[in-house]
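You asked for a quick read of the empty spaces and the sheets. My notes are below, as numbered points.

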Amino acid sequence: MSTAFDTIRAILWEEGKLKLLDQRLLPQQELYLEYEEPRAVADAIRKMVVRGAPAIGITAAYGVVLALKQRIAEGGSDMAAKLEQDLAYLADARPTAVNLAWALKRMGKVLFNLPEETQDPLAVMLAEARAIHEEDIAANRRMGELGAALITEAGYGVLTHCNTGSLATGGYGTALGVIRSAFAQQRISRVYADETRPWLQGARLTAWELVKDGIPVTLLADGAAAALMQQGRVKWVIVGSDRISANGDVANKIGTYSAAVAAKYHGVKVMVVAPTSTVDMSLASGDLIPIEQRGAEEVLSLGAQRVAAEGAEAWNPAFDVTPAELVDAIVTEKGVVLNPTAEKMAQMMEKS
Ligand code: MRU
């Protein structure tokens, strides 16, 4: 597989340890932290050392391997009950991205059904975690091709929101994977990246990834996105998702909904790129998706620097829900759903 425009990996399994690129420090510092305990892995997800829906699912899968390693070392007869608690602790780390629950369910299915005669259970669990990781990268590559093919008018910019790249996934990225593929095929000329207040995933992470991989990127304040569309500089808004309900409603980073509303007004198309591990067919519509509320200090301050007037309060939902009617295409590794509906989503999910 070519590594053109694809040089970053944020989740590594090396020498029996999980290594995570600390995304809180980027772009100033590139530091990998090492993890050997599942609860520390859950805390890393909660504190956003690692973030992005597929990335937290993959990280949790390796967390299960570490849980088993720890429980085997301890010994004792109540190992299964303790492992159940470890998985529940990991599942609790963040509420919106369904990839976390999806990965834990898949790991749990193998873990709690290991045949008695299994010689090396750790090796079996590590193989499953690695498979989740590798399948995610393969899905991103496939979605990259499918999504890029939808961009038929060459030479324009695209707008993206948050960070959906190698940092947010096993590698390559969802929306940023489509952008990488489309840039490689000369279908797009430039990426406009919303800075993505309040956590600045766009300014700190997307810009870092794109600069590193040699793809031209222009940052804008989130509030400038509608004016960018008004000027005709972009034909597509391309974003990822943390959870897609059965009818095609899309939860994604706060600000995605505003971008989609503005896109509709300006005749700009909206593409949502997400693996099927992000699709939650158990929820009929997006209003049922749990939305993480984060601390007020993220809005009241910029980094460690307080910017808001003393005494002001803040509302800080980390995600919003874009209704399916504002979405032109959902791209998964199983195929493209145009103008999503519950029927079309179900048909896509049934594909092998
Ligand atoms: O709070 P974050 O940074 O974890 O939010 C991430 C996003 O909203 C991404 O857009 C989403 O996970 C899709 S990325 C593959």
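The points take the cavities, then the pockets, then the two sheets.

1. Start with the status of the coordinates. This is a predicted model. Every volume and angle below should be read with that in mind.

2. Two cavities reach 30 Å³ or more. The largest holds about 160 Å³ of space. Its lining counts 19 residues, and R51, G52, A53, N163 and D242 are the closest to its centre. By class, that lining divides into six nonpolar, nine polar and four charged residues.

3. Where does the largest cavity lie with respect to the domains? Domain 1 (11-139) and domain 2 (143-349) both contribute to its lining, so the cavity lies between them. Among secondary-structure elements, α2 (53-74) and β9 (250-253) each give at least two lining residues.

4. The second largest cavity has a volume of about 60 Å³. Its lining is M48, T196, R197, P198, W199, Q201, K253, I254, R294, E298, N316 and A318. Five of these residues are nonpolar, three polar and four charged.

5. Now the pockets. The largest encloses about 350 Å³. It has 16 lining residues; P198, W199, E298, L302 and G303 are the closest to its centre. P198, W199 and E298 also appear in the lining of the second largest cavity. Two elements, α10 (297-300) and β12 (301-302), give two or more residues to the pocket lining.

6. What is the class make-up of the lining of the largest pocket? Eight residues are charged, six nonpolar and two polar. Domain 1 (11-139) and domain 2 (143-349) each supply at least three of the lining residues.

7. The second largest pocket has about 300 Å³ of space. L68, M79, A80, L83, L111, F112, N113, L114, P115, E116, T118 and P121 line it. Helix α3 (residues 79-91) provides the largest share of this lining, with three residues. The class split is nine nonpolar, two polar and one charged.

8. Next, the seven-stranded sheet. It is open and mixed, with the order β6-β5-β4-β7-β10-β15-β16. Which strands stand at its edges? They are β6 (217-220) and β16 (335-338); each has a single partner strand, so one side of each lacks a neighbour in the sheet. From one strand to the next, the twist averages 25 degrees.

9. Within that sheet, strands β10 (residues 269-273) and β15 (residues 329-332) run parallel and pair over three bridges. V273 stands opposite V331 of β15. Helix α6 (residues 175-184) packs on the sheet and touches β4 (156-160), β5 (188-194), β7 (234-239) and β10. The direction of α6 makes about 155 degrees with that of β5.

10. The other sheet has three strands. It is open and antiparallel, in the order β1-β2-β3. β1 (11-14) and β3 (32-35) are the edge strands, each pairing on one side only. Neighbouring strands are turned by 25 degrees against each other on average, direction ignored.

11. β1 pairs with strand β2 (residues 17-21) in the antiparallel sense, over four bridges. L12 stands opposite K19 in β2. Helix α2 lies across β1, β2 and β3, at about 20 degrees to β1. α2 also contributes at least two residues to the lining of the largest cavity.

Methods
Residues are numbered from 1 along each chain as its sequence is written. This is a predicted model: local features need pLDDT of at least 70, side-chain atom pairs count only at pLDDT 80 or more; totals for chains, interfaces and linings use all residues. Side-chain values use heavy atoms; hydrogens and water are left out. On a 1 Å grid over the protein atoms alone, a cavity is a set of points where a 1.4 Å probe fits but cannot get out, and a pocket is an open set with protein on both sides within 12 Å along at least five of seven lines; lining residues have an atom within 4 Å of a point. Grid points are joined across faces, edges and corners, and a volume is the space filled by probe spheres set on the points. Ala, Val, Leu, Ile, Met, Phe, Trp, Tyr, Cys and Pro count as nonpolar, Asp, Glu, Lys and Arg as charged, and the others, Gly among them, as polar. Domain bounds come from an automatic or database domain assignment. Two strands pair if DSSP finds at least two bridges between them. Axes are lines fitted to C-alpha atoms, for helices over the stretch in contact, and angles run from 0 to 180 degrees between N-to-C directions. Contact means heavy atoms within 4.5 Å.
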